[in-house]
Amino acid sequence: MTYEGSIRLRAHAKLNLCLEVLGRREDGYHDLATVFQAIGLHDTLTVTIGPGEGIEVRCVGWPVPEGRENLCWRAAEVFLEAALDLAGKVSIEVHKTLPPGGGLGGGSSDAAAVLVGLNRLTGEPLTDEGLVIEAARLGSDVAFFASGAGAALATGRGEILTPLPSAQDLPLVVVWPGEPVSTAWAYGLFEENDFTDGCQAQCLAAKMERGEPVKGDEALGFNAFLTPVAAQRPDVRDAMADLERAGAMKASLAGSGACVWGVFDNDEHAQSAADALRAEGRWAFATGPAHQGVAISDGTDS
Ligand code: C5P
């Protein structure tokens, strides 16, 4: 069938409010217990189906590959395979605001946005469940973004999801230290005693499920990557120290890094801290929890 049309989407970033690594698996991956939370920072995508055939990806903003190596390209390919009767050319334009290699899940969120956008443009041939299954084939974090949840407890390699209500009252500042972290490299730093049992992530998730505040929770900000990655990366340690100096109640790492994030007591304080860090030349933004990983845009985003 031939479809034509265009859709604009916000591909939100995520933070892992708690990230435990349980151990190595036989397939080379690691088992996790983590609480994903979508946040306000986002990339913006326009996904178009027009006459012709093939897949085209164009990116503006942070430099990322535009060919097959871009996860958006692979997401379009996976969708076309799954929705067998689709004819047309898929064009994807990504306005990249989220730094690649930042641990914010930008590439995964972009890929999920492509799946969600193409599904919407073609009359939803994939069910919500089908979308999450295709998303998980693309990468460990993509399933969360495609799930429609604002927050979730994730287990397995990150693809087994229990949706949660988004955290309330969580003023945040995210800082980019300046150089990316490769996720595979960061996993390679783990030693046996870095593994934990998943209890902290489970407890934090239970609290969110009950709608209780998490701002002062012990488990908030626990991240198994923090010690090994910070030990190797003075720029990450500096960014954390800057956040603490700016008044963060707590600071942690985004995913496997490189971004760091801080929790502030209120939105005004988070905003003034981000402004002060930007005035010093840092990439720093105040943000907070979002309600969905991928959202159809009303066209007012940049
Ligand atoms: O799934 P994704 O492509 O995002 O993972 C990138 C790399 O991170 C994998 O190739 C693997 O080395 C590592 N990884 C892991 N365990 C996970 C997720 C990722 O070891 N649960």
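Helix α5 supplies three residues to the shell around the ligand, the largest share from any element. The model is a predicted one, and the account below starts from this ligand and then turns to two features of the backbone.

The ligand sits in the largest pocket. Two elements give two or more residues each to its shell, namely the strand β2 (30-50) and the helix α5 (183-188). The full set of residues around the ligand is Gly28, Tyr29, His30, Leu32, Gly139, Ser140, Arg157, Thr183, Ala184 and Tyr187. By character, these shell residues comprise four nonpolar, five polar and one charged. Both domains take part: domain 1 (5-164) and domain 2 (172-287) each provide at least three residues of the shell.

Several members of the shell make polar contacts with the ligand, counted for N or O pairs within 3.5 Å. In the case of His30, an N or O atom of the side chain is 2.7 Å from an oxygen atom of the ligand. The side chain of Ser140 likewise places an N or O atom 2.6 Å from a ligand oxygen. With Arg157, the contact involves the backbone: one of its N or O atoms there lies 3.0 Å from a nitrogen atom of the ligand. On its own the ligand has 450 Å² of accessible area, and the protein covers 71% of this.

Two further points concern backbone geometry in loops. The peptide bond joining Gly257 and Ala258 is cis, with omega at about 15°. Ala258 belongs to the loop that runs between the strands β8 (250-253) and β9 (260-263).

The other point is Glu124, a residue other than glycine that has a positive phi, near 55°. Glu124 is found in the loop between the helices α2 (106-121) and α3 (128-138).

Methods: Residues are numbered from 1 along each chain as its sequence is written. This is a predicted model: local features need pLDDT of at least 70, side-chain atom pairs count only at pLDDT 80 or more; totals for chains, interfaces and linings use all residues. Side-chain values use heavy atoms; hydrogens and water are left out. A residue is near a molecule or strand if one of its heavy atoms lies within 4 Å of it. A polar contact is a pair of N or O atoms within 3.5 Å; within protein, one must be able to donate a hydrogen and the other to accept it, and residues adjacent in sequence count only if both atoms are side-chain atoms. Accessible areas come from the Shrake-Rupley method with a 1.4 Å probe; for residues, only the protein chains shown count as cover. On a 1 Å grid over the protein atoms alone, a cavity is a set of points where a 1.4 Å probe fits but cannot get out, and a pocket is an open set with protein on both sides within 12 Å along at least five of seven lines; lining residues have an atom within 4 Å of a point. A molecule sits in a cavity or pocket if more than half of its atoms lie within 2 Å of its grid points. Helices (H or I, at least four residues) and strands (E, at least two) are DSSP runs, numbered from the N terminus. Ala, Val, Leu, Ile, Met, Phe, Trp, Tyr, Cys and Pro count as nonpolar, Asp, Glu, Lys and Arg as charged, and the others, Gly among them, as polar. Domain bounds come from an automatic or database domain assignment.
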